[in-house]
Amino acid sequence: MSGSQVITVDGPAASGKGTIAAGLGRIYGLPVLDSGLLYRAVGVLLQQAGGDLGDPLAAAAIARDLRPEALDQDAFRTRAAGEAASQVAVHPEVRQVLLALQRDFAEQPGGAVLDGRDMGTVICPTAGAKLYVTARPEVRAERRWRQLTGQGEGVDLAEVLADIRVRDARDSGRAAAPMAPAPDAVLLDTSEMTIDQAADAARRIVEAARAAQLS
Ligand code: CDP
């Protein structure tokens, strides 16, 4: 795996990584993988089938049947879907099934932008540019609250902040591919940044990483 044209964007919920990944995809003309959507789909489809989020084999079976073309659904973008995703994401059996799909995406000729929690550590450790996007929990909660409210989901800001703290702890505390910056990732704290400022900072990080590759 060469991976030199791959850009990984990892980080916690509502840190701005999805927006940054999409922006980098546009700038460099690269396809973008929203890996969180895979876990969201597994969680929601498992629940719809009457399964238990704590059952690794049932969750892995759903992951095996996942059709990438059927991922763009509003049902996968709700607050409950994020919570279900993080519960099925702890199972190594689920992560193993989703690994091949994500690696295939990363190995496309020309490269790709990968958005997730373990893109720079597990899926594509050889990526040429790695970002780890963070923001203070209070800032992330407000962003997520605005997004959910905009989607018509009535929820309190305090509940969203509590969700984010629980999810951060679960995602970084799990044994299988915990959320963590790769040792060679550049940290980008977007707490005080507008979307444009964050996108610009991300582009500069990628330019610097690519220049370092050439030297
Ligand atoms: O948009 P948000 O950051 O809230 O979540 P997401 O990126 O859609 O991911 C939802 C959940 O899926 C996360 O909380 C993780 O538990 C899990 N996930 C993961 O384990 N590994 C990934 N590469 C992406 C997501």
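These legends go with close-up views of two pockets and a ligand in a predicted model.

**View 1. The largest pocket, seen around its centre.** There's about 850 Å³ of space in here. A total of 40 residues line the largest pocket, and those closest to its centre are Ala 14, Lys 17, Gly 18, Asp 115 and Arg 144. Sorted by class, the lining comes out at 15 nonpolar, 12 polar and 13 charged residues.

**View 2. The helices and strands that wall the largest pocket.** Which elements give two or more residues to this lining? On the helix side, look for helix 1 (17–28), helix 2 (35–48), helix 4 (79–88), helix 7 (137–150), helix 8 (157–173) and helix 9 (195–214). Strand 2 (32–34) and strand 3 (113–116) make the list too. Helix 1 gives the most, putting 6 residues into the lining.

**View 3. The ligand in its pocket.** Where does the ligand sit? The space it takes up is the largest pocket. Around the ligand there are 19 residues, and Arg 40, Arg 95, Arg 144, Arg 167 and Asp 171 come nearest. Arg 144 is also one of the residues closest to the centre of the largest pocket. By class, the shell around the ligand splits into 6 nonpolar, 4 polar and 9 charged residues. Helix 2, helix 4 and helix 8 each bring at least two residues to that shell, and helix 2 gives the most, with 4 residues.

**View 4. Polar contacts to ligand oxygen atoms.** Zoom in on three side chains here: Lys 17, Arg 117 and Arg 167. For Arg 167, a polar side-chain atom lies 2.6 Å from an oxygen atom of the ligand. An N or O atom in the side chain of Arg 117 is 3.1 Å from a ligand oxygen atom. Lys 17 has a polar side-chain atom 3.2 Å from an oxygen atom of the ligand. How much of the ligand does the protein bury? Taken alone, the ligand exposes 530 Å², and the protein buries 95% of that.

**View 5. The second largest pocket and its lining.** This one holds about 160 Å³ of space. Its lining is made up of Val 32, Leu 33, Asp 34, Leu 37, Leu 38, Pro 68, Leu 71, Leu 101 and Phe 105. Strand 2, helix 2 and helix 5 (92–106) are the elements that give two or more residues to this lining. The largest share, 3 residues, comes from strand 2. As for class, you'll find 8 nonpolar residues, no polar ones and 1 charged. Strand 2 and helix 2 turn up in the lining of the largest pocket as well.

Methods:
Residues are numbered from 1 along each chain as its sequence is written. This is a predicted model: local features need pLDDT of at least 70, side-chain atom pairs count only at pLDDT 80 or more; totals for chains, interfaces and linings use all residues. Side-chain values use heavy atoms; hydrogens and water are left out. On a 1 Å grid over the protein atoms alone, a cavity is a set of points where a 1.4 Å probe fits but cannot get out, and a pocket is an open set with protein on both sides within 12 Å along at least five of seven lines; lining residues have an atom within 4 Å of a point. Grid points are joined across faces, edges and corners, and a volume is the space filled by probe spheres set on the points. Ala, Val, Leu, Ile, Met, Phe, Trp, Tyr, Cys and Pro count as nonpolar, Asp, Glu, Lys and Arg as charged, and the others, Gly among them, as polar. A residue is near a molecule or strand if one of its heavy atoms lies within 4 Å of it. A polar contact is a pair of N or O atoms within 3.5 Å; within protein, one must be able to donate a hydrogen and the other to accept it, and residues adjacent in sequence count only if both atoms are side-chain atoms. Accessible areas come from the Shrake-Rupley method with a 1.4 Å probe; for residues, only the protein chains shown count as cover. A molecule sits in a cavity or pocket if more than half of its atoms lie within 2 Å of its grid points.
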